[in-house]
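Colleague: Got a minute to go through this structure with me? I'd like to start with a sheet, then move on to helices and charges.

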Amino acid sequence: MTAGLARTRSSLHFLRTVQYRRCYSTRPPSVSLLGKEYPTDKTTNITSAIADKVGRNLYMNPSHPLGILHALVSSHFRDFNSMVGLPPVVTPAQNFDDLSFPPDHPGRAVTDSYYLNDSAMLRTHTSAHEVETFARGERRWLLSADVYRRDEIDASHYPVFHQMEGARVFASGAEGRAELEADNARLAGELARARIAIEDVPHVSPTNPAQAAHDPVLAELVAQNLKLSLNSLMLSLFGDHAGGEAGEPLRVRWIEAFFPFTTPSYEVEVFFRGKWLEILGCGVVQQQTLDRANVPNSISWAFGLGLERIAMILFSIPDIRLFWSQDPRFLSQFTAGQISTFKPYSKYPACYKDVSFWLSEAGLHDNDFCDLVRDTAGDLVQDVVLIDDFTHPKTKRSSKCYRINYCSMDRSLSNEEANEVHAQVIASLKDKFGVEIR
Ligand code: PHE
C-alpha cells in the first residue's frame with residue numbers, strides 16, 4: 001500500500017532530518033510569479049530555478065515527447081473534455097483540504113512542497129483541480145498540468161513534472177447503473193479480444209473498502225468501469241510497444257493503494273522490458289469531494305498519471321532533465337503522433353565533487369540541500385547522494401557529506417567549470433545555512 005501522493009517521496013539515499021528550521025536572512029519582501037506579487041512569509045521556499053520553469057508548458061508542444069504522450073492519452077479518451085493551461089498556483093485548501101488530506105499529512109510540509117506563502121503554493125498534483133472541475137458540471141474530463149514537488153535529485157526525479165488527471169461521473173440511480181452495465185460490457189468485450197494479461201485485485205477488500213455513502217453494487221460497477229477504462233488505456237499506450245517476444249500479451253497488474261481522496265484506491269503497473277513499472281494512481285472518488293463540488297446524486301472515478309515516467313519508458317529517454325533540453329539534437333528526434341526510440345547524441349562523463357560539513361543548530365533538510373544545488377548549478381547537476389551522516393558521540397554535533405555529480409547533457413563540462421560551480425554551492429551553503437565546511 002502506498003500512502004499518499006503516487007510518486008515516491010521517501011528517498012533511498014536520504015535520511016530525513018526531523019528537526020528542521022530554515023534560515024531566512026535573505027528573504028525578499030515579496031516574490032512575483034506569472035505577473036502576480038506574493039508577499040513572503042516563513043513558509044516561502046520557492047527558488048528561482050523553480051520559478052523559471054513555470055509557464056514552459058512542455059506538454060503543449062505536439063512534437064515534444066510529453067506532448068506526443070499527452071495527445072495519445074487525450075485521443076484514447078476522445079469523448080472526454082480535455083483541459084490544459086490552468087495556472088499552477090493554488091491554495092493549500094485546493095491542493096490538500098478539499099481532497100480530505102489530514103492536517104498532519106507529510107505532503108503539506110515546507111520540506112515537501114513549494115510555497116509562495118502560507119496561502120499560495122505550487123500544486124503538487126493535478127487532483128488540486130478536482131473540486132473546481134466537478135463543480136463546473138464536467139462529467140468526463142481530462143486535465144493536464146505541470147506539478148511541483150521538492151525531492152531528491154537523480155535521473156528520474158525532477159522538481160517539476162507533468163500529470164494528467166481523468167475522471168468520469170455517473171448518476172447514482174438506475175440510470176447510472178444502466179450506463180455502467182452497458183459500458184462495462186462493451187469494454188470487457190474489447191479487452192477479451194486483445195492481447196492483454198491482467199493480474200487483478202478484488203474491487204473492494206477489508207483493507208480497500210467501498211464508501212459507506214455508496215450503494216455497494218453501484219460502487220463495484222464504478223470500480224470495474226475504472227479498471228476496464230484504464231486497462232484499455234494501457235493497451236493503447238503499451239500494446240504495440242510491449243517489447244517482449246512476438247505473441248507475448250501485455251501484462252498489467254493492479255495493486256491496492258491508499259489516497260486520502262479515493263476509496264477503494266489502486267495503482268496500476270505495467271510489465272515492460274523485464275520490469276514492473278508503476279504507471280498511475282486511481283480510485284473511486286471520496287463522496288466528500290463531490291459534495292464539496294456540489295454535485296448531487298453522482299458517483300465518480302478518477303486517475304492521475306505522470307507523463308515523464310511513461311515517456312521515459314516509451315521513448316527510452318534515460319534522464320528526466322532531457323525533457324527540458326532545448327538542444328535541437330534532442331528536440332529534432334521526435335515527431336507529432338509518433339513513438340520513437342531516443343538515440344543518445346552524446347555521453348559526457350560525470351564529474352563528482354563531495355561536500356562535507358558540520359550542521360548549524362538550525363539543521364538542514366535534504367530537500368533544502370537539493371534546492372540549493374539546483375538553484376546554483378541548474379541542470380548541470382545529474383544527481384546528489386548523501387554519502388555520510390553522523391553525529392559526534394561526544395560533542396553531539398552532526399555532520400553530513402553529499403556527493404554531487406555534475407554533468408551536462410549537451411556538452412563536455414571541464415573540471416575547472418565544475419570546481420567553480422561547486423565553489424558557489426559551498427559559498428551559498430555557508431551563507432544560507434550557516435554550516436561549517438570540514
Ligand atoms: N493525485 C495522485 C498523485 O499524484 C494520483 C491520483 C489521482 C490518485 C486521482 C487517485 C485519483 O499521486
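Modeller: Sure. Keep in mind that this is a predicted model. Here is a sheet to start with: four strands form an open sheet, ordered β15-β16-β14-β17, with antiparallel pairing.

Colleague: Which strands stand at the edges of that sheet?

Modeller: β15 (381-391) and β17 (436-437). Each has a single partner strand, so one side of each lacks a neighbour in the sheet.

Colleague: How many bridges join β15 to β16?

Modeller: Nine, and the two strands run antiparallel. β16 covers residues 398-406. For a register check, Val-381 has Tyr-406 in β16 as its bridge partner.

Colleague: Which strands does helix α10 lie across?

Modeller: β14 (351-358), β15 and β16. α10 spans residues 366-377 and runs at about 145 degrees to β15.

Colleague: And helix α11, which strands does that one lie across?

Modeller: β14, β16 and β17. α11 is residues 415-433, and its angle to β14 is about 20 degrees.

Colleague: Any salt bridge between strands here? What does Arg-403 meet?

Modeller: Asp-354, in a salt bridge at 2.8 Å, N to O. Arg-403 lies in β16 and Asp-354 in β14, so the pair ties together parts 49 residues apart in sequence.

Colleague: Is Arg-403 buried or partly exposed?

Modeller: Partly exposed, with a relative accessible area of 26%. Asp-354 also counts as partly exposed, at 35%.

Colleague: How many salt bridges does a search of the whole structure find?

Modeller: 21. One of them joins Asp-146 and Arg-123, at 2.7 Å from N to O. That pair links distant parts of the chain, 23 residues apart. Asp-146 is in strand β7 (residues 140-148), while Arg-123 is in the loop between β6 (120-122) and α4.

Colleague: Are those two buried or exposed?

Modeller: Asp-146 is at 5% relative accessibility, so it counts as buried. Arg-123 is buried too, at 0%.

Colleague: Next pair. What does Glu-199 form a salt bridge with?

Modeller: Arg-251, with the closest N and O atoms 3.4 Å apart. Glu-199 is in strand β9 (residues 196-199) and Arg-251 is in β10, so this pair ties together parts 52 residues apart in sequence. Glu-199 is partly exposed at 36% relative accessible area. Arg-251 counts as partly exposed at 32%.

Colleague: OK, you mentioned β10. Which strand does β10 pair with?

Modeller: β11, in the antiparallel sense, over seven bridges. β10 is residues 250-259. A hairpin of two residues joins β10 to β11. Phe-259 has Thr-262 in β11 as its bridge partner.

Colleague: What's on the far side of the chain from there? How many bridges join β11 to β12?

Modeller: Nine, again with the strands antiparallel. β12 is residues 275-285. Thr-262 has Val-285 in β12 as its bridge partner.

Colleague: What about the hairpin of β11 and β12? Which residue takes a positive phi?

Modeller: Arg-273, with phi near 45 degrees. That hairpin has two residues between the strands.

Colleague: How many of the residues in β11 are buried?

Modeller: 10 of 11, so the strand is mostly covered, taking buried as under 20% relative accessible area. β11 runs over residues 262-272.

Colleague: Changing topic. What's the nearest side chain of opposite charge to Glu-130?

Modeller: Arg-292, at 8.6 Å. Glu-130 is buried yet has no salt bridge.

Colleague: Where is Glu-130 found?

Modeller: In helix α4, residues 130-135.

Colleague: And what is Glu-130 in contact with, leaving aside neighbours within four places in sequence?

Modeller: Leu-99, Trp-141, Glu-165, Phe-261, Val-285, Thr-289 and Ala-302. You've met Val-285 already: it is the bridge partner of Thr-262.

Colleague: Last one, helix packing. At what angle do α2 and α8 cross?

Modeller: Roughly 100 degrees, with the axes coming within 10 Å. α2 is residues 65-76 and α8 is residues 307-314. The two helices are therefore roughly perpendicular.

Colleague: Which residues meet there?

Modeller: From α2, Leu-66, Leu-69 and His-70. From α8, Leu-307, Glu-308, Ile-310, Ala-311 and Leu-314.

Technical notes:
Residues numbered from 1 in each chain as written. Predicted model: local features only at pLDDT ≥ 70, side-chain atom pairs only at ≥ 80, totals over all residues. Heavy atoms only, no water. Buried < 20%, exposed > 50% of the residue type's maximum accessible area, 1.4 Å probe, protein only. Pairing = 2+ DSSP bridges. Lys, Arg positive; Asp, Glu negative; His and termini not counted. Salt bridge = Lys/Arg side-chain N within 4 Å of Asp/Glu carboxyl O. Contact = heavy atoms within 4.5 Å. Axes fitted to C-alpha atoms, helices over the stretch in contact; angles between N-to-C directions. Parallel < 35°, antiparallel > 145°, perpendicular 65-115°, else oblique.
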